[in-house]
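Biologist: I would like a close look at one part of this protein, and then a connected account of how that part compares with others in the chain. Please take your time over the reasoning.

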Amino acid sequence: MFTLHSGKRVPKGPASLAVPLTSLLAAVALLLGIPASGAFAATSPDAGGAAGKTYTIGTDTTFAPFEFRENGELVGIDIDLMNAIAEDQGFSVEIRSLGFDAALQALQSNQVDGVIAGMSITEERQKVFDFSDPYFESGIQMAVAENNNDVSGYEDLEGKRVAVKTGTEGQAFADSIKDQYGFEVVAFAQSAQMYDDVKAGSSVAVFDDYPVLAYGIKSGNGLKTVTEKEVGSSYGFAVNADTNPELLEAFNAGLADLRESGEYDEILDRYLDAGAADSSFWSLVTDNAPAFAKGLGLTLLATALSLFFALILGVIFGFFKVSSKVVLRGIATTYVSIFRGTPVLVQAFFFYFGLPQIIGQPVDVLTAGVLTLSLNAGAYMTEIVRGGIQSVDPGQMEAARSLGLGYGKTMQKIVIPQAVKIMTPSFINQFVITLKDTSLLAVIGFAELTYQAQQVYAVNFRTAEVLIIVAALYFIVITLLTKLADVLDKRFNK
């Protein structure tokens with residue numbers, strides 16, 4: 001779980017080179033129907049009253065029955081409650097499915113105005129966030145694999161491992177009793193992942209919120225509950241401390257209206273007794289084809305934009321690396337060292353959550369993703385360009401210069417054409433790597449192919465089958481792009 005920092009709004013900072021790119025990619029995102037950053041829709045807390053305003057709300061991706069996708073649409077108790085309250089109070093919401101940790105980070109960096117994600121109201125969180133009135137009273141249960149008859153209570157967990165979901169009441173409860181009963185706790189980002197860990201035998205049990213467990217069991221997650229419900233905490237809607245008080249007030253008023261009208265009970269009954277419908281493998285493909293198609297389209301979009309900018313960066317810094325000027329070589333070396341020496345995930349989190357706090361400007365998820373992949377791939381392409389140029393026999397430069405050609409003409413006519421032939425296979429390899437790296441952007445809520453897969457198996461718990469489908473799509477696309485690149489290579493580098 002990420003460390004929580006101050007929830008205060010960030011003052012506007014100086015302009016940055018990232019701002020024009022942000023604006024450009026935001027325009028592309030709007031044209032393609034990709035949700036922009038919550039900060040674009042954020043409203044002033046001083047305007048007075050939520051009516052007529054638009055708020056961006058962050059939520060989890062996989063916490064059925066509170067939030068999950070059904071036929072490609074985001075649904076669940078939290079989603080229906082938020083939409084019903086917005087309608088009752090006369091304001092609009094744009095709900096962004098980010099994941100629990102990412103949603104909290106987005107709230108603190110003002111990428112969203114509020115978070116509703118089955119979040120327990122705790123003293124620690126109340127130091128950072130302002131919470132609404134409780135909208136659900138939770139409870140914790142323990143479950144084991146349905147064929148496990150050895151574990152029936154906490155006392156059977158000694159020396160064993162249990163799975164929990166990061167940041168949940170289940171994790172807090174497990175941590176509170178692990179020393180007493182002598183078991184180890186391992187945390188996962190999604191419910192489906194911890195259920196799979198138990199089914200695989202790596203963990204013997206899970207602790208989870210009782211409605212989430214109940215939904216999963218009815219949907220065929222392969223588990224069974226073995227304990228009674230423990231008293232849990234209350235769920236609340238959160239905003240940053242001392243920020244958007246009118247939104248919090250409107251949520252409380254709308255919640256009271258829904259309870260009085262009976263709509264609140266209707267929403268809960270709709271999901272608490274439900275479960276995902278069983279289907280064949282072919283139905284799994286056809287029913288989720290629109291989601292997979294959307295994810296594949298966004299994967300290719302992010303790849304194309306990233307490679308375009310990465311190629312420019314690679315050429316520029318590649319020439320810097322072979323320059324006779326110490327300053328240019330130093331700049332290129334520093335750039336390459338930073339982006340080759342840090343993980344892609346860290347870079348993605350920085351550009352999506354950290355950069356807005358530095359520049360005082362919103363950064364939408366597409367921009368953050370393209371910045372991450374462009375700068376990362378650009379560092380590797382820099383070394384490819386440097387290596388290609390330095391692989392050309394230095395004697396050819398000397399021969400051309402002796403014949404009266406200038407440095408520029410020699411590079412243009414003699415060195416670069418040979419270097420391109422040397423660099424092409426490495427460029428093709430980097431293209432493939434960048435396409436696969438788009439899957440890492442799922443952690444910041446970019447709805448590419450891997451993200452869509454997570455949405456699907458979070459509901460039906462058929463993880464292996466969904467991942468096989470996604471792997472096949474990646475394989476087909478990468479194979480086709482590799483064949484295309486080989487054809488172009490043979491045509492232009494004869």
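Is Lys-321 buried or exposed?

Modeller: Please keep in mind that this is a predicted model. Lys-321 is buried, because its relative accessible area is 18%, and the cut-off for that word is under 20%. The side chain of Lys-321 meets that of Glu-383 in a salt bridge, with 3.2 Å from N to O. Since Lys-321 belongs to helix H12 (residues 289-321) and Glu-383 to helix H15 (residues 365-391), the pair ties together parts of the chain that are 62 residues apart in sequence. Glu-383 is likewise buried, because its relative accessible area comes to 17%. The pair does not stand by itself, for Lys-321, Arg-340, Glu-383 and Arg-386 are linked in a network of salt bridges.

The count of salt bridges in the model comes to nine, and two others can be set beside this pair. In one of them, the side chains of Asp-60 and Lys-165 meet at 2.5 Å, N to O. This pair links distant parts of the chain, with Asp-60 in the loop between strand E1 (54-59) and E2, Lys-165 in strand E8 (residues 161-165), and the two positions 105 residues apart. Asp-60 is buried, with a relative accessible area of 2%, and Lys-165 is buried as well, at 1%. In the other, Arg-161 forms a salt bridge with Asp-197, and their closest N and O atoms are 2.9 Å apart. Here too distant parts of the chain are linked, as Arg-161 is in strand E8 and Asp-197 in helix H7 (residues 191-199), 36 residues apart. Arg-161 counts as partly exposed because its relative accessibility is 24%, whereas Asp-197, at 10%, counts as buried.

A polar residue can also be followed through its contacts, and Ser-233, in strand E12 (residues 230-235), serves as an example. Ser-233 is buried, with a relative accessible area of 13%, and its side chain makes a polar contact with the side chain of Glu-169 at 2.9 Å. Leaving aside neighbours within four places in sequence, Ser-233 is in contact with Glu-169 and also with Ser-120, Ile-121, Phe-136, Glu-137 and Ser-138.

The nonpolar side of the picture can be approached through a general tendency. In soluble globular proteins, nonpolar side chains tend to be buried together. In this model the largest nonpolar core has 62 residues, and those that touch the most other members are Phe-91, Tyr-135, Tyr-195, Val-206, Phe-237 and Phe-251. When residues up to four places away in sequence are not counted, Phe-251 touches Met-82, Ile-85, Ile-116, Ser-132, Tyr-135 and Phe-237. Apart from this core lies another, of 48 residues, whose members include Ala-102, Ala-103, Leu-298 and Val-365.

Finally, helix H10 (residues 263-272) has Tyr-264, Ile-267, Leu-268 and Tyr-271 as its buried residues. Seen down the axis of H10, these buried residues fall within an arc of 95°, so they line one face of the helix. The spacing has a general background: an α-helix has 3.6 residues a turn, so residues three or four places apart point the same way. The elements that cover the buried residues of H10 include strand E2 (68-70), strand E3 (73-75), helix H3 (77-89), strand E7 (136-145), helix H8 (210-218) and helix H9 (245-261).

Conventions: Residues are numbered from 1 along each chain as its sequence is written. This is a predicted model: local features need pLDDT of at least 70, side-chain atom pairs count only at pLDDT 80 or more; totals for chains, interfaces and linings use all residues. Side-chain values use heavy atoms; hydrogens and water are left out. Helices (H or I, at least four residues) and strands (E, at least two) are DSSP runs, numbered from the N terminus. Buried means under 20% relative accessible area, exposed over 50%, partly exposed in between (1.4 Å probe, protein chains only). A polar contact is a pair of N or O atoms within 3.5 Å; within protein, one must be able to donate a hydrogen and the other to accept it, and residues adjacent in sequence count only if both atoms are side-chain atoms. Contact means heavy atoms within 4.5 Å. The arc is that of the directions from the helix axis to the C-beta atoms. A nonpolar core is a set of buried Ala, Val, Leu, Ile, Met, Phe, Trp, Tyr and Cys residues joined through side-chain atoms within 4.5 Å. A salt bridge is a side-chain nitrogen of Lys or Arg within 4 Å of a carboxyl oxygen of Asp or Glu.
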